[in-house]
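Open your viewer and get your selection tool ready. We will walk through this molecule one stop at a time.

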Amino acid sequence: MKHVIIYTDGACRGNPGPGGWGVLLKYGKHEKKLFGAESDTTNNRMELMAAIQALTNLREKCKVELYTDSQYVQKGITLWLVNWKKKNWKKADNHPVKNADLWQELDRQASRHQISWHWVKGHNGHIENELVDALANQAIDEMGSSHK
């Protein structure tokens with residue numbers, strides 16, 4: 001099974017507002033950068049979208065080390081998801097899970113792989129995290145320039 005290392009990040013200017021996501025996929029000596037943007041979204045949705053897009057781009061089952069600076073993503077997928085599914089996508093307070101559409105897609109994509117989810121402190125000089133943050137912001141900039 002291929003061993004892939006993934007770094008993901010999301011960014012938003014305003015919350016909600018224009019947002020972007022960035023991904024770095026590493027397999028052996030190969031690297032692939034991905035990014036995208038949406039005009040009206042939230043930071044959490046972009047963090048989720050980064051992880052979804054990263055996993056969607058893996059064509060076969062892989063052993064994955066996924067690094068995110070989002071505790072929302074890391075804790076959501078490793079701690080909260082199992083209970084949300086048991087409670088039909090409701091939180092402990094019986095309110096609907098926010099971003100359930102993206103959580104469901106992330107769950108689908110994650111189930112295809114063997115994943116270790118890691119949290120890294122954002123904006124702390126971590127080279128790959130800084131790179132995916134820059135990609136997410138580049139996506140927002142490029143989207144903004146295409147609307148002029």
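Which residues have the most contacts inside the largest nonpolar core? This is a predicted model, and in it you can select Ile6, Leu55, Trp103, Leu106 and Trp117 to find them. The core they belong to has 32 residues. Now colour α1 (43-56), which gives the largest share of this core, eight residues. Other elements that give two or more residues include β1 (2-12), β4 (62-68) and α3.

Next, zoom in on Ile6. Leaving out residues up to four places away in sequence, Ile6 touches several others, among them Val23, Leu55, Val64 and Tyr67.

Time for some rings: there are four aromatic pairs to look for. Select Tyr7 and Tyr67, a stacked pair with 5.1 Å centre to centre and 20° between the planes. Tyr7 sits in strand β1 and Tyr67 in strand β4, so this pair ties together parts that are 60 residues apart in sequence. Tyr7 is buried at 10% relative accessibility, while Tyr67 is partly exposed at 21%.

Move on to Tyr72 and Trp103, an edge-to-face pair with 5.2 Å centre to centre and 65° between the planes. Here helix α2 holds Tyr72 and helix α3 holds Trp103, so the pair links parts 31 residues apart in sequence. Trp103 is buried, at 0% relative accessibility. Add Trp80 and Trp84 to your selection, and you have one aromatic cluster together with Tyr72 and Trp103.

Keep Tyr72 in view and select Asn99, in the loop between α2 (71-86) and α3 (100-110). Beyond its neighbours within four places in sequence, Asn99 contacts Asn44, Arg45, Leu48 and Tyr72.

For a last stop, find Lys2, which lies over the face of Tyr27 at 5.1 Å from the ring centre.

How values were computed: Residues numbered from 1 in each chain as written. Predicted model: local features only at pLDDT ≥ 70, side-chain atom pairs only at ≥ 80, totals over all residues. Heavy atoms only, no water. Helix = DSSP H or I, 4+ residues; strand = E, 2+ residues; numbered from the N terminus. Contact = heavy atoms within 4.5 Å. Core = buried A, V, L, I, M, F, W, Y, C linked by side-chain atoms within 4.5 Å. Buried < 20%, exposed > 50% of the residue type's maximum accessible area, 1.4 Å probe, protein only. Phe/Tyr/Trp six-rings, centres within 6.5 Å; stacked < 30°, edge-to-face > 60°. Lys NZ or Arg CZ within 6 Å of the ring centre and 35° of its normal.
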